[in-house]
Every structure is written in C-alpha cells, then in structure tokens.
Amino acid sequence: MDELLALAFGALLAGGTYLMLARTLLRVAVGLLLLSNAVNIAIFAAGRVLGRIPPLVEPGAQALAAGTANPLPQALILTAIVISFGLTAFSLVLVHAAHRAYGTVDPDALREAEPPGLPAADPAAAAAAEPPTRRPPPTPAAREAA
Amino acid sequence: MPAAAEADLLLVLPLALPLLACALGAVLWRFPMAQRGLTLAAAFALLVAAIALLAHVAARGGPVASQMGGWPAPFGITLVADLLSAALVAAAALVYAAVAVYGCADGPTEREEQLYHPLLSGLMLGVCGAFLAGDVFNLYVWFEVMLIASFGLLAVGGGRAQLDAGVKYLALNMVATTVLLFAVALLYGMTGTLNMADLARRVPEVENRGAVAAVALLFLGAFGMKAAAFPLFYWLPASYHTATPQVGAVFAALLTKVGVYGVFRLFTLVFAGTAEWMPWVLGAVAVATMITGTLGAVAHWDVRRILAFNVIGSVGVMLVGAAVATPLAIAGAVFYVLQDVLVKANLFLVAGAIRRAGGSYALARLGGLWRREPLLGLLFLLPALSLAGLPPLAGFWGKVLLVRSGLEAEAYVIAVAVLVAGLVALYSMLRIWTEAFWKEAPEEAPLAPHRMGAAERWLMLGPAAVLALLTLSLGLWAEPLLAFALAAGEQLTAGREAYLNAVLGGAAAP
C-alpha cells in the first residue's frame, strides 16, 4: 500500500510540476491543484496505513483497538482539500479576469506590473516605462448599461 | 475571574474580534460607511484586547496557553502567547487601526462594496491566528486564511496591473503553502505529533537526523518564500507596488513578518541545533536577502517600488537574529521586527499621501513637496531614517543589538552586511527625499497638484503621525522596549522549558 501511495504521490508531483512550467495560466492552475493533491497523499502516508477498522472507541474501552485506521490524517486532509478547493476556485476566477483584461493567458505577456524597461538608469526613463494608469475594466452591469 | 478563564478569553479575543468584523462586514456589503464604522470599531477593540493580552503575558512572566474545547494539549488545538507573539499581535492591531482611520480620508469607494472591509478583517484574523497558533497544522491553516484574504485584497476593484500582480503573487504563494503543508506532513510522519511544544520534545529524539534537517529546510523554504527571503522573493516586487496604500501598508507591515515569525518560532523551539550547517544557511540567506533587497531599491525611481524592495532588505536584517541565534541576537531581531511593523506601515501610508499631494508615484514627476507639505516631509523622514538605522530612531537600537551579537559570535560578515545594507537603504530613502521633496516641482505636472483639505489631511497624516511619533519615542526612550526584547529573546532561547510547561501542563515526557 505504501508503495502505491508513493507512486501516486510521485505521479501527481511530476504532473503538477510539469503543468506549472507551462506558459498557459490555466495549466498552471491545474498544476497547483495536482500539487496540493500530491501533498494530501503524503499526509495520508505520513499517518501510516494501519488498518481498515473505523476509528471508534468501543463502549467501556479507553483506547482504539489494534488495526484501526488513523483518524488524524483524514481530518488534516479534509481541511487541506477544502482549502485547496477554495484557492483553486479563486485562481480560476483570477485567470479568467486576467484573460478578459489582457486577452491572453500567457504569463510572459502580463507585463504591466513589471514593465519592460525597468529598472531604468534615470528617473525620466523610469517614469516613461511605467504603463499609463488605466481605468479598471467595466463590470458586466456597466457594460450592459452602455 | 479565575486566571485560566481570563487567559482563555484573552487568547480567543484577538481571533474572535476580526472574525466577527469579517462576518458582519460581509452582511453589510452594500453599506460602505457602516462597514467603515465596523472596521474602526473592530480595529480599536482588537488593539485594546491585544494590549490586555500583552500585559497579561508580561505580568505572568511566561507563556500563556489555552486548550480549545478543553482537549488536553498534544491532542487538541492550542493557542499560545509568549512575549514575542503577544507583542506582534499588538503591533498588528496598531497597523489595523492606523489603516482603518486612513481609509476614511476618501468618500465611499467602489472597492468598499467589493468586500474590501471583510477581506481586511479576514487578513487580520489570519495574521493574529498565525501568531497565536500552538501547532504547526493550525499555523498552516492560518497562513491560508491570511493568503486567501490577501489575494482578494490585492485583486478587488483593481485594474490590469493588479490582475498581473495578483497572478504572480497567487502562483508563487500557493507553491509556498503547498511546500509548508508537505513539510508539516513529513514532520507528522516522523514524530506522530503536530503540537509545537510536543514537537520540541520529540524532534531531538528522532534518529534520522538527515531527514529532520531536510524537513527543517523545507520549512525554511516555505517560510522564506512568505517572508520574501533570498532567493524566493520575486513575487514581492512584482505585486506590492500595485496595491492601494492601505493594502500596501498592511501587506508590507504584517505579511512578511508572519513568515519571519514562523522561522523564529520553529528554529528556536523545534529545530534548535538540528544541524551544524543550519546557522550558515540562515546566515547566507539573511546576508543575501538584505544586500539584494536594498540594491533592488536603489535600481528604481518609483516610490512604491523602492519601498517594496526595502521590505525585502529589512527581512534580511530580521533573519540575522535567527542565524546568530544567541539571546542577544534574537532580542535584537524582536526589537527590529516590532519597530519595522510601525515603519513599513508608516512609509506605505505616507507614499499614498505623496501620491495624493504630488499626483504621481514616479520620482521624475514629483518635486517641491517639502515646500507645499512640510508635515508630510517630516512624516516621511522619520520612518525612512529609522529604516536605515540612524540614531535616535528605533531602527538604530535594533541594529545595534544585531551588529553587537554578530560581533560577539564572530560572525563578522553578517555584522558588516547589516551596516552596508543600512547605508544602501539610506541612499534609496534619500533618493525619494531629494527627488520628491527637495527638488523643484517639474514643469509639466501629470495631474493638477492637489491641495489636501483639512479633514483629508488629518485622516491621512494622523495615523502616519502616530506611527512616526512612536518610532521616534521608541528611539529616544528605548529602555522599556529593549528590556522587553531581551526578555522575549530569553524566552525563545533559555526559556524553552517554560513554553513546553505552559502548553503541556508540566507533564513529564511520556
């Protein structure tokens, strides 16, 4: 079982890293998702795969019987899944917003926060390299009104 | 009230207040002015609660712990406050209050209808939670709370530049938290526990020292990326300068500090003496961070970009404390971290006022502000000189302790690097001073110079003035904070047993 988990971890880690190196933001987002799931498997393996009996203490007993599953990793993974779900949802929305604003999902084309030409040798050149401050894209409601 | 119940209440309040403000703010999303009042009330209530917690911890003379839900220590969720974490919570609350007041300078904005206030409260919740967490998994969860709120704060109501910055900030920080979670998993696999006090007892018993060192490096990488340490800081100068002044102030003052706090907590408590080469790694990271950060600041001609790179430079100075790791070094780092929270918030708020008064952030388009806004110039100069570490300001004393500890530990390179980085930071700050304040205003101003109204001026400059006065008085009257920092340094090194006893109830190791 440990070998299987290790293989799954390796495959997810490799896939996630490969996707994160892509020049498409959508692939980067999916890569992050794979990476966080690889870590979930690592947590599961770190808690040792002990057995299949549900971790419930029998009436009158003080501790879990031998061969019960370790409940703690499952609680940790559940928390991590919820967090990574939220973050993935947010990153997809962000990628969508970036696509709407820039018309591309190539991270190399997003150069407005760090424009080419910076750092510059003198203040005038630096000021010229900064993109002009533009208004944020209109909200859907504003576009409908227009 | 019995002592235990009082400790429980004091430890829970710094989390309950921002959480409440976050929930109520989300309900009131349509009403910006009501949300403003809520944020102001929550910020000042948090400040009072944090000062009460600090006084309680200082009066007790040792760390205070509280077991959530009454579960005994290594099994349940524990909140712990020692001098360092209580002081950081108080400093965070002060920044929250300053930003809440500063935000009232404008009329209601569109951002405030896009959940700016709940996100700000959520960020404070994550920051306070990370400072008070007693186990590594909850530390990770609080990091995530802080992170998702900071993503939102950076992106809401923003334009193209914010989206660009948000993408890079999100991608790199998500990798960092994933690495942090992986490190937590490995640590749990090796020791079977997540409670930091329990870990402090069990990690030295682990036989595979190489694996412990590898996990320690993973933690260092994850916290280093959060703290913007060399070579993992690229997300910071790519994003911080696009945030609004309030958000920039909170980010610069608090987010990197949480990463630095993580390094200090784990490398003094859990990984103390893990490997002989660990101080060398930390020292190299610290020196490289402060040199690259301050040199990056010199390469730019935009107020916010210069400040963003100086955030990195200061992180390097703080990490010196973890590298040298004598009680004196840690005391110096504590002193420097606390004054840096004030200085960074102050500088970013002043940058917002410079933009308001001068019409631009680009130094080429600024000028003549000293003649028009002398108070603004003074409020810039005080934190700027404290950042560089000039007497009689607070930054000077932090650097004195750090340099002295470096010399005593015969880490001469580190001591010299702190001084050199201070000089370079001074040069970058004086560049803003000469260009924006001292030189004549340029002929074609980009926007018509804005004359600030009385209410606007006091709401913008008032919080900055309070922070600058604190920086000045902590420099002129440094003795109380110095004594405090030395006590905190003592707690983190020789006083480890007290932390373990506070959390685990003095129980002998099983």
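**Figure 1. Helices H14(B) and H17(B) cross in a left-handed sense.** In this predicted model, helix H14 (residues 327-358) of chain B packs against helix H17 (residues 394-408) of chain B at an angle of about 160°, and their axes lie 8 Å apart. The two helices are therefore roughly antiparallel to each other. From H14(B), the contact draws on B:Leu328, B:Ala329, B:Ala331, B:Gly332, B:Ala333, B:Phe335, B:Tyr336 and B:Gln339. Among their partners in H17(B) are B:Trp397, B:Lys399, B:Leu401, B:Leu402, B:Arg404 and B:Glu408. Sorted by type, the residues of this contact comprise 10 nonpolar, five polar and three charged.

**Figure 2. A closer look at B:Gln339 and B:Val343, residues of helix H14 of chain B.** Let us start with B:Gln339, which is buried, with a relative accessible area of 0%. Not counting residues up to four places away in sequence, B:Gln339 touches B:Ser386, B:Ala394 and B:Gly395. B:Val343 is likewise buried, and its relative accessible area is 0%. Leaving aside neighbours within four places in sequence, B:Val343 is in contact with B:Pro383, B:Ser386, B:Leu387 and B:Thr471. If you want a distance to check, try the C-alpha atoms of B:Val343 and B:Ser386: they are separated by 7.2 Å, while the residues are 43 apart along the chain.

**Figure 3. Helices H2(B) and H3(B) also meet in a left-handed crossing.** Helix H2 (residues 32-60) and helix H3 (residues 83-102), both of chain B, have axes that come within 8 Å and cross at roughly 160°. That angle makes H2(B) roughly antiparallel to H3(B). On the H2(B) side, the contact residues include B:Thr39, B:Leu40, B:Phe44, B:Leu47, B:Leu54 and B:Val57. On the H3(B) side they include B:Leu83, B:Val89, B:Leu94, B:Tyr96 and B:Val101. Alanines appear on both sides, among them B:Ala43 and B:Ala50 of H2(B) and B:Ala90 and B:Ala97 of H3(B). The contact residues divide into 22 nonpolar, one polar and no charged.

**Figure 4. A salt bridge within helix H7 of chain B links B:Lys168 and B:Asp164.** The closest N and O atoms of this pair are 2.9 Å apart. Both residues belong to helix H7 (residues 160-191), where they sit four residues apart, about one turn of the helix. B:Lys168 and B:Asp164 are both buried. For context, a search of the whole structure finds 16 salt bridges over all chains.

**Figure 5. A salt bridge joins chain B to chain A through B:Arg305 and A:Glu130.** Their side chains meet at 2.8 Å, N to O. B:Arg305 belongs to helix H13 (residues 303-324) of chain B, whereas A:Glu130 is in the loop between H4 and helix H5 (140-145) of chain A, so the pair joins two chains. B:Arg305 is buried, with a relative accessible area of 5%. A:Glu130, at 17% relative accessibility, counts as buried too.

**Figure 6. A:Arg23 and A:Asp108 form a salt bridge between two loops of chain A.** Here the closest N and O atoms are 3.6 Å apart. A:Arg23 lies in the loop between helix H1 (2-20) and helix H2 (25-46), and A:Asp108 in the loop between helix H3 (71-102) and helix H4 (123-129), so the pair ties together parts that are 85 residues apart in sequence. A:Asp108 is partly exposed, with a relative accessible area of 46%. Salt bridges that share partners join A:Arg23, A:Asp106 and A:Asp108 into one network.

**Figure 7. Two cis peptide bonds in chain B precede B:Pro231 and B:Pro392.** B:Phe230 and B:Pro231 are joined by a cis bond with omega about -5°. B:Pro231 is in the loop between helix H9 (209-227) and helix H10 (235-239). The cis bond between B:Pro391 and B:Pro392 has omega of about 5°. B:Pro392 is in the loop between helix H16 (374-388) and H17.

**Figure 8. A:Arg48 and B:Ala228 have positive phi values without being glycines.** Phi of A:Arg48 is near 65°, and this residue is in the loop between H2 and H3 of chain A. A:Arg48 counts as partly exposed at 45% relative accessibility. B:Ala228 has a phi of about 65° and is found in the loop between H9 and H10 of chain B. At 0% relative accessibility, B:Ala228 counts as buried.

How values were computed:
Residues are numbered from 1 along each chain as its sequence is written. Chains are lettered from A and ligands numbered from 1 in the order in which they are written. This is a predicted model: local features need pLDDT of at least 70, side-chain atom pairs count only at pLDDT 80 or more; totals for chains, interfaces and linings use all residues. Side-chain values use heavy atoms; hydrogens and water are left out. Axes are lines fitted to C-alpha atoms, for helices over the stretch in contact, and angles run from 0 to 180 degrees between N-to-C directions. Angles under 35 degrees count as roughly parallel, over 145 as roughly antiparallel, 65 to 115 as roughly perpendicular and the rest as oblique. A crossing is left-handed if the near helix is turned anticlockwise from the far one by less than a right angle, and right-handed if clockwise. Contact means heavy atoms within 4.5 Å. Ala, Val, Leu, Ile, Met, Phe, Trp, Tyr, Cys and Pro count as nonpolar, Asp, Glu, Lys and Arg as charged, and the others, Gly among them, as polar. A salt bridge is a side-chain nitrogen of Lys or Arg within 4 Å of a carboxyl oxygen of Asp or Glu. Buried means under 20% relative accessible area, exposed over 50%, partly exposed in between (1.4 Å probe, protein chains only).
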